Amino acid sequence: MNAIAFDNSYARLPDRFFSRRQPTAVADPRPIRVNHALATLLGIDPHWLESAEGTAVLAGNATPEGAEPIATVYAGHQFGSYNPQLGDGRAILLGEVIGADGQRYDIQLKGSGPTPYSRGGDGRAPLGAVLREYLVSESMHALGLPTTRALGAVTTGEQVARESFLPGAVLCRVAQSHIRIGTFQFFAARQDTEALRVLVDHVLARHYPDALDEDNQPLALLRRVISAQASLVAQWQLLGFIHGVMNTDNMLLSGETIDYGPCAFMDDFHPDKVYSSIDHGGRYAYGNQPGIAHWNLAALAQALLPVLHDDPEQAVALAQDCVDTFPEQFTRAHRKGLARKLGLAELLEEDRTLADELLQLMAEQQLDFTLTFRRLADLAGPGNESSLKLPDEDGSVARLFEIPDALLPWLARWQQRLAQETTTAGERQASMYAANPVFIPRNHLVEEALQAATEKGDFAPFNTLLKVLARPFAFDAALARFATPPKPEQVVRQTFCGT
Ligand code: AMP
Ligand code: MG
């Protein structure tokens, strides 16, 4: 029996969708970690994946039976300007498997050597970038967001040349697919209508099979992707997640978060927050994310025009109507999530001021985004309905974060509003605890883990942090360090692509 039961649907598409390319072997592959739960979901024996044979596969030194390694081609708008030729420059898709959940998954190596799309790059990844993606993507999964995942990672025994020489690594990334808005843009720019049709069929069959009986298939696809992205970006906003590089080649048709380069979870809240070292104009600032998603979806609609309708004017009208639904869909998803974060069944029209005022106070007072909401959940419990401050109890984050006095008038109004709900305080608190995590991949903790691994070869902080992030909603006072905002000297102000 093959170690991995590949069934490679993308490699069966026409040749112009990809280039066949083997990973480039590395000098001395050593395992960093294997994701047991994910391996099991994919029908891969985690112990095999940890063996010398599995390590060789994760490093790109051995091609497993049934794999058909390819680098896929795409284009994309990067910071608003169109780049007609991108593609997997440092990634190779080994193939696809059907998981135990019936879902098809891509298995891709990232950092596995040059491809025809490397554009002068070395096709390699530094260890820090690999660990960062591992930590943040697995944390996003634990937080309940659709995301690419990490099946495993290895060090290469080679150095990669960046500003300095850094240890190299390869990440094995798993996604429902790696098809991007930029994949459609690539073919649209070449007026390859046939390829667009093939791609629409492929993506619908793979991600939105419920739409297969609709008359206008490209329109059905556009609708589904708009809804999926509205929901995804709403979830980012609700967690204080800043993607950092929302180029159209970094937005998946599957609606999963991809590309954990210069991303960050905010510490203190401000709508203008930017962490990415390359985002000089703040194009991808926290508060801009919904607008940018809308813009990217318009780029997808544009790419689909030739297949939306034979009459160009009607095609534009269909696309426009569809894209115009994004703001409404985003707002609905965001309000629903905000209601849950605040312990309300619904965010009524008159509650919007309440929510807006909280965010404004948080920005003025530079309050920690994660802990403010978590503290509200503490305060929502039975018996606290009329108390503005709660003694330090087990399970509460009171020792890590106290509501400042400036928030007390707001708190009083919020508690009055909660009193109108039909749910019990216990139910509300449980629901709030499930919506307001306490453990997020804080930038200073991520940096600490990356530094220990890169500078000292010490993977203990990485492994510990990964374990903590796997249970983001359950506070444990023994792990308080991982829930604590950075001290002034620990604050990370910039994150890097690390490519
Ligand atoms: P990203 O900013 O990660 O979305 O990457 C943008 C493009 O640059 C993609 O086509 C990547 O494949 C390519 N790229 C990034 N880093 C490298 C590298 N080290 N070697 C080759 N290509 C790269
Ligand atoms: Mg990318």
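Buried, in what follows, means under 20% relative accessible area, exposed means over 50%, and partly exposed covers the values in between, with a 1.4 Å probe and protein chains only. By this definition Phe187 is buried, with a relative accessible area of 1%. The structure is a predicted model, in which local features need pLDDT of at least 70 and side-chain atom pairs count only at pLDDT 80 or more, while totals for chains, interfaces and linings use all residues. Residues are numbered from 1 along each chain as its sequence is written, chains are lettered from A and ligands numbered from 1 in the order in which they are written, and side-chain values use heavy atoms, with hydrogens and water left out.

The aromatic side chains make a good starting point. A pair of aromatic rings is described by the distance of the centres and the angle of the planes. Here, rings of Phe, Tyr and Trp (its six-membered ring) pair if their centres lie within 6.5 Å; planes under 30 degrees apart count as stacked, over 60 as edge-to-face and the rest as tilted. A search of the whole structure gives 15 aromatic pairs. One of them joins Phe186 and Phe187 edge-to-face, with 5.0 Å from centre to centre and 90 degrees between the planes. Phe186, like its partner, is buried, at a relative accessible area of 7%. Another edge-to-face pair is made by Trp236 and Phe241, whose centres are 5.5 Å apart and whose planes are at 65 degrees. Trp236 has a relative accessible area of 3% and is therefore buried, and Phe241 is buried too, at 0%.

Phe186 and Phe187 also belong to one aromatic cluster together with Tyr10, Phe17 and Phe18. Phe186 has a charged companion as well: Arg190 lies over the face of its ring, 3.6 Å from the ring centre. A charge is taken to sit over a ring if NZ of Lys or CZ of Arg is within 6 Å of the ring centre and within 35 degrees of the ring normal. Arg481 is placed in this way over the face of Phe482, at 5.0 Å from the ring centre.

Ala11 is found in the segment before strand 1 (18–20); helices (H or I, at least four residues) and strands (E, at least two) are DSSP runs, numbered from the N terminus. Ala11 has a relative accessibility of 8% and so counts as buried. Leaving aside neighbours within four places in sequence, Ala11 is in contact (heavy atoms within 4.5 Å) with Phe18, Arg20, Glu68 and Ile70. The C-alpha atoms of Ala11 and Thr72 are separated by 9.3 Å, with their positions 61 residues apart along the chain.

The next site is that of a metal. The magnesium ion (ligand 2) has Asn250 (OD1) and Asp259 (OD) as its protein donors, lying 2.1 to 2.2 Å from it. Donors are N, O and S atoms within 2.8 Å of the metal (3.2 Å for Na, K and Ca), and water is not among the atoms, so sites may look incomplete. Both donor residues, Asn250 and Asp259, are buried, the latter at 15% relative accessibility. Asp259 is located in the loop between strand 11 (241–242) and strand 12 (264–265).

The backbone of Asp259 deserves a look too. Most residues other than glycine have a negative phi, and most peptide bonds are trans. Phi of Asp259, however, is positive, near 75 degrees. Phe79, which is not a glycine either, has a positive phi of about 50 degrees. Phe79 sits in the loop between strand 4 (76–78) and strand 5 (81–83), and its 29% relative accessibility makes it partly exposed.

Helix packing is illustrated by helix 6 (residues 193–207) and helix 8 (residues 289–308), whose axes come within 9 Å and cross at roughly 100 degrees. The two helices are therefore roughly perpendicular to each other. Thr193, Leu196, Arg197 and Val200 of helix 6 make the contact with Ala303, Leu304, Pro306 and Val307 of helix 8. The axes are lines fitted to C-alpha atoms, for helices over the stretch in contact, and angles run from 0 to 180 degrees between N-to-C directions. Angles under 35 degrees count as roughly parallel, over 145 as roughly antiparallel, 65 to 115 as roughly perpendicular and the rest as oblique.

Arg30 belongs to strand 2 (residues 30–34) and is partly exposed, at 49% relative accessibility. Not counting residues up to four places away in sequence, Arg30 touches Thr55, Val154 and Thr155.
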